[in-house]
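Take a first look at the chain below. The report that follows walks through its parts, one at a time.

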Amino acid sequence: MAHEVPPLPYDYKALEPHIDEQTMHLHHDKHHQAYVNNLNGAIEKHPELASKSAEDLLRNLNSVPEDVRTAVRNNGGGHVNHSMFWAIMKPGGGGEPTGAIAEQIKKDFGSFDDLKKQFNDAAAKQFGSGWGWLIWDGKLKVITTANQDSPLLQGHFPILGNDVWEHAYYLKYQNRRPEYLAAWWNTVNWDEVNKRFAQAKK
Ligand code: MN3
C-alpha cells in the first residue's frame, strides 16, 4: 500500500486570515504530494520497506538501505511532518491550551506565554528551512530541526510543530516570519495536541 496524502480535514480557506487559501492549496496539494511521491519512489526500489509506516522508517533510519536513506529521511520526514501539521490545526482554533497539555506547559515553561516566546524565538532563528517543535523527552522541550528532519530521528515524539519553510508563509507574510509564527497559534487544535501528548507519554 503506497503512502498517501491525507485529505485536509477542513476547507482550504478555513484557516484564514492566519493562513491563506492559496498557501494551503500549494502546501497540501503540491508540496506534501511531492514528498509522498518521492517517498513512494524510494520504497519501490526496496519492496521490503513497503509494510513499514513512515514513522517506523524514520525511527529506524539506519536500517533503511543506504541508497534511499536520504530520500526516506527527507521525504518520509516531509510526509510525517505535514500529516501532523494539518491535524494539529483547525478553524477557530487557538486560545489557551486545555487539558493535560495545559498543566504540563505550566509545569515545564511557567506559562503558555513563556512557551510561545521560547518557541517563536527558536523558530524565527532557524536558519533557512526547517521546523519548530514541542517535543516530549520526559518533559516538554522546544527544539528546531533543519529541512524535513523529524524529531523521530532522535527518538523524540513531536507533540506540536510549525513549518518555517518559506512555502508555508511567504505568499501572505513575505519575509515577516515572526508575524507568521505569532499568528499561527490562532490555528492550534488543542484537542489534537492533547491526543498526541497522551500518545507521547506511552
Ligand atoms: Mn511545508
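Is Asn-147 buried, partly exposed or exposed? Asn-147 counts as partly exposed, because its relative accessibility is 39%. Keep in mind that this is a predicted model. Asn-147 sits in the loop between S2 and S3. Its phi is positive, about 55°, although Asn-147 is not a glycine.

**Unusual backbone spots**

Most residues other than glycine have a negative phi, and most peptide bonds are trans. Gln-174 also has a positive phi, near 45°, and is a residue other than glycine. Look for Gln-174 in the loop between helix H6 (170–173) and H7. Gln-174 counts as partly exposed, because its relative accessibility is 32%.

The peptide bond between Glu-16 and Pro-17 is cis. Its omega is about 5°. Pro-17 belongs to the segment before H1.

**Two domains**

The domain assignment splits out domain 1 (21–87) and domain 2 (99–201). Their centres, taken over C-alpha atoms, are 20 Å apart. How many residues of each domain are in contact with the other? On the domain 1 side there are 20 residues, and they are in contact with 21 residues of domain 2.

**Helices H1 and H3**

Helix H1 covers residues 21–44, and helix H3 covers residues 66–87. Their axes come within 8 Å and cross at roughly 145°. The crossing of H1 past H3 is left-handed. On the H1 side, the contact includes Met-24, His-27, His-28, Tyr-35 and Leu-39. On the H3 side, it includes Val-68, Asn-74, Gly-78, His-82 and Trp-86. By class, this contact of H1 with H3 has 11 nonpolar and 11 polar residues. No charged residues take part in it.

**The nonpolar cores**

The largest nonpolar core has 41 residues. Which of them touch the most other members? They are Ile-159, Leu-160 and Trp-184. Several elements each supply at least two residues of this core, among them H3, helix H4 (99–109), helix H5 (112–125) and strand S3 (157–163). Helix H7 (177–184) and helix H8 (190–201) are also on that list. The largest share, 5 residues, comes from S1. Both domains take part: domain 1 and domain 2 each give at least three residues to this core.

Leu-160 has a long list of partners beyond four places in sequence. Among them are Met-84, Ile-88, Phe-119, Trp-133, Trp-184 and Val-193. Another core lies apart from the largest one. This other core has 13 residues, including Ala-42, Val-64, Val-80 and Leu-152.

**Phe-119 up close**

Phe-119 lies in helix H5. Phe-119 counts as buried, because its relative accessibility is 1% and the cut-off for buried is under 20%. Its contacts, leaving out residues up to four places away in sequence, include Gly-132, Leu-134, Leu-160, Asn-162 and Trp-185. Val-142 is also one of its contacts. Phe-119 and Val-142 are 23 residues apart along the chain, yet their C-alpha atoms are separated by 6.0 Å.

**The segment before H1, and Asn-40**

Pro-9 and Val-5 give two views of the stretch ahead of H1. Pro-9 is in the segment before H1. Val-5 is found in that segment too. Which of the two is open to solvent can be read from the accessibility values. Pro-9 is exposed, because its relative accessible area is 55%. Val-5 counts as buried, because its relative accessibility is 16%. Val-5 touches His-28, His-32, Gln-33 and Val-36, not counting residues up to four places away in sequence.

Asn-40 is in helix H1. Asn-40 counts as buried, because its relative accessibility is 16%. With residues up to four places away in sequence left out, Asn-40 touches Ala-2 and His-3.

The table lists three residue pairs, with their separation along the chain and between C-alpha atoms.

| Pair | Apart in sequence | C-alpha separation |
|---|---|---|
| Phe-119 and Val-142 | 23 residues | 6.0 Å |
| Pro-9 and Asp-137 | 128 residues | 29 Å |
| Val-5 and Leu-140 | 135 residues | 28 Å |

Terms used:
Residues are numbered from 1 along each chain as its sequence is written. This is a predicted model: local features need pLDDT of at least 70, side-chain atom pairs count only at pLDDT 80 or more; totals for chains, interfaces and linings use all residues. Side-chain values use heavy atoms; hydrogens and water are left out. Axes are lines fitted to C-alpha atoms, for helices over the stretch in contact, and angles run from 0 to 180 degrees between N-to-C directions. Helices (H or I, at least four residues) and strands (E, at least two) are DSSP runs, numbered from the N terminus. A crossing is left-handed if the near helix is turned anticlockwise from the far one by less than a right angle, and right-handed if clockwise. Contact means heavy atoms within 4.5 Å. Ala, Val, Leu, Ile, Met, Phe, Trp, Tyr, Cys and Pro count as nonpolar, Asp, Glu, Lys and Arg as charged, and the others, Gly among them, as polar. A nonpolar core is a set of buried Ala, Val, Leu, Ile, Met, Phe, Trp, Tyr and Cys residues joined through side-chain atoms within 4.5 Å. Buried means under 20% relative accessible area, exposed over 50%, partly exposed in between (1.4 Å probe, protein chains only). Domain bounds come from an automatic or database domain assignment.
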